[in-house]
Amino acid sequence: MDNLKEEDIIKRINNLLKKDKGLVLVEKTRKDGNYFKGKLEVNYLEQVLNFDFAIPHNYPLTHPNSDNISIIFRNKNYIGLNHINPDGSVCFHPDKDDDFDRKLLYEIKCLKQWIRDYYIFKKEDDNYAYLIHNTESGCINKLYFTNTKNSFKKNSFGTFRFSIFSDEKIGEKKFPVKKMFRLGFEKGQEDVWSNTFIKDLKTRGTKKGLYYYIQDEPLRKSNLGRKAIENWDELKDYLSDEFIEKLYLGLKRDFNNNFYHENSLFLIIGYKIPNNESYEEHWDLIRIPKKNIPIDSIKLAKDEQTNPKIRFEHILKKNKINWGTTENIDYSRFFGRGKLNDKITNSNILIIGCGAIGSSLSEILVRGGAKNIILMDFDSTKGGNLCRANYQLKDMIFPKTNGLINRLKSISPFVDVAVEYDKLNKFDLKILGDVFNKKLDIIFDCSTDTEVTYIVDKLNFTGNVFSLAITNNAKSFISITGNYLTKQAKTIFDFVENEPPTYFEGTGCGYPTFEANYNDINALLNIGLKVINNNFSKNKKNESFIIQPDFNNLLNIDIEEYENYNCIYMNSSIHISKSVLKIIEKETKFHYPKEFGGVFVGFKSNKNFIITNILIPDEYKNGQTIFIRHPGTLNERLNEIHNLTNGKIQYLGEWHSHPNGPTNPSSIDINAMKEIAKDKNINIGNPLLMIAEVDKTYFGKDLFIYDDKILKKYE
């Protein structure tokens, strides 16, 4: 507070409060530890409310252990009203501000807003506000559960099953913390965890607890607002005599060790809460000590026995309820803050290769909500893996899949993870193809092993396959999808000029890999998966793409998708940039109903082409059935591109439109391509041709290659 003395700060606070005629200082402001404390009477809208206040010594900054809370206004009599914490403090989060006077006056305004909305008008928020219990001190008992079918009837009770996921003591004072996961109820209503997680829970042991469905919130009767009950005797209005007797007898003699953990029995109380659709069942946790039974049993005198079978009356004591905490982490909530598209998360996914790319990809998928993943890798974890893959020191020596599956299981209780230690070449390809098409939806090949793409190419896999790779020093990220993976990879890697990996002593030479740090790998991988996820979300076909960061003169990351076409008669392929196609569509529609065209430029490797750009002629003649381009400056521009790229980018062919179709080449088109193929100055024996069918709304195309006096079509 600008190094002011305590008395100056107190004076400042008092003067600010006096500015509001509706405020009265009931108790003078004083310094108490790290706070300036006092008592305030607020006269607002004909209501008079009292609050103890505590202003932190570093005001207008917030509390060190809270995000937005700064001034505490507290009155325990208001517990139960909306936006009142268990300690009686008003819950609101003012905007942050470094101006002392302005913020204090603003927080007084926020307090009045609470009085108006929640004290006077009893406003109900759109979102359900969970009951806040006074939980048991000195320990934390927390139960996690998922939504089950809403089928419980009021006053129904029985047993539920749970597993203690972790039981530890933390801190210097060994504060005990238990995390429990519910497995389900006695009637087959299971909590919806993955099979992998359920199996893991059961290895930790299964316990039984009791449930009672009260239907309505466990609220104190005739109390201000929604205040949760605190003592056992307050439960008498919610629990049936039959259940109370069963609980008493069970605690005394019937329950065995299956029901107890460290001499404690756990009871969950269920009730309805609203959700977006209708309602759901929420559950609160109570710990009942075996040695401190909260029920008295009183023998009835004979003249008080209305039923000869009932000789005892069971009465709930005034014992304080040992409330624990619960959290509904149903799949929809667990991934409520963000997940990948359902077409990914609901798929059966195979990840081949669990190194730098595969280990990070698997974790991204699991954190994105993926439910079924198979890991395939034959290799073990070495020290050199840890700098850029998701492994730990303890994982060294063991198979990569061992460490990775444990990591993935520790992230999500909704993922089923399986492992395959053998390489694809172990299996009969016909059987493997049948299995893949029956069991898998997506394959991510992260192996950077050409042998893998050889095999996948032969499987006739009908799902989505993505072969992912990063070039040396992370200059490019490549995702290859569709058919002919091996051929596509050869062409694209030739195009991006993947330099050979650098040899480092001790890393081995039998299977060299690219050099890149963890940050670069994951920066590119995350963008790559965003492209794939975006295509799934928009129902767009996934195409092969290249991501290339350029951090030289301008900070830029270029993402280019390529449509892939193949001509099996020529063993030839074309990758054509989708941004190039967008430009062609725009130009041809602009000139419609006249024909228009231009020149393809790009990369050529044997009879495989990557079309990276187009050139538009500056001199041409066109009409509804004619397009003739003149040289103009095209030759100069082509030479400039050729020289700037050291011959890498060159002339590849021609494109033009046929307004209203069709896309069949005319005799004029064939003769033009013949002349281009013969021209030694152009120096391309098999030029490409694209004919676009276009009108005001439609755009279609066909691609051809000239060979042996005819134009052969790509598919």
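Trainee: Where does Asn155 sit in the chain, and what makes its phi worth a remark?

Mentor: In this predicted model, Asn155 is placed in the loop that links β5 (140-145) and β6 (156-170). Its phi is positive, about 70 degrees, although Asn155 is not a glycine. Most residues other than glycine have a negative phi, so a positive value goes against the general pattern.

Trainee: Which peptide bonds are called cis, and what is their omega?

Mentor: One of them is the bond from Tyr59 to Pro60, which is cis with omega near 15 degrees. Another is the bond from Tyr592 to Pro593, for which omega is also near 15 degrees. Most peptide bonds are trans, so a cis bond departs from what is common.

Trainee: Where do Pro60 and Pro593 lie?

Mentor: Pro60 belongs to the loop between β3 (47-56) and β4 (72-74), while Pro593 is found in the loop between α13 (578-591) and β24 (597-605).

Trainee: Why are helices α1 and α2 called oblique to each other?

Mentor: The axes of α1 (residues 6-18) and α2 (residues 100-120) cross at roughly 50 degrees and come within 10 Å. An angle under 35 degrees would count as roughly parallel, and 65 to 115 as roughly perpendicular, so a value that fits neither of these, and is not over 145, is left in the oblique class. The two helices, α1 and α2, are therefore oblique to each other, and α1 passes α2 in a right-handed crossing.

Trainee: Which residues meet where α1 and α2 touch, and how do they divide by class?

Mentor: From α1 come Arg12, Ile13, Leu16 and Leu17, and they meet Phe100, Asp101, Leu104, Leu105 and Ile108 of α2. By class, this contact has seven nonpolar residues, no polar ones and two charged ones.

Trainee: What is the angle between helix α7 and helix α8, and why is the pair described with the word it gets?

Mentor: Helix α7 (residues 356-367) packs against helix α8 (residues 400-409) at an angle of about 20 degrees, with the axes 10 Å apart. Angles under 35 degrees count as roughly parallel, and that makes α7 roughly parallel to α8. The crossing of α7 past α8 is right-handed.

Trainee: Which residues make the contact of α7 with α8, and what classes do they fall into?

Mentor: On α7 the contact is made by Ser359, Ser362, Glu363 and Val366, and on α8 by Leu404, Arg407 and Leu408. These residues divide into three nonpolar, two polar and two charged.

Trainee: How do you know that domain 2 and domain 3 touch, and how far apart are their centres?

Mentor: The chain is divided into domain 1 (6-120), domain 2 (140-329), domain 3 (341-547) and domain 4 (562-714). The C-alpha centres of domain 2 and domain 3 lie 45 Å apart, yet eight residues of domain 2 are in contact with six residues of domain 3. Contact means heavy atoms within 4.5 Å, so a touch is judged from atoms and not from centres.

Trainee: What does UniProt place at residues 580-692, and what is the chain like there?

Mentor: An unreviewed UniProt entry places the feature "domain: JAB" at residues 580-692. Over that span the chain is 31% helix and 35% strand, and the end C-alpha atoms are 13 Å apart.

Key. Residues numbered from 1 in each chain as written. Predicted model: local features only at pLDDT ≥ 70, side-chain atom pairs only at ≥ 80, totals over all residues. Heavy atoms only, no water. Axes fitted to C-alpha atoms, helices over the stretch in contact; angles between N-to-C directions. Helix = DSSP H or I, 4+ residues; strand = E, 2+ residues; numbered from the N terminus. Left-handed = near helix turned anticlockwise from the far one by under 90°. Nonpolar A, V, L, I, M, F, W, Y, C, P; charged D, E, K, R; others polar. UniProt positions renumbered as here; feature names shortened; annotations may be inferred. Domains from an automatic or database assignment.
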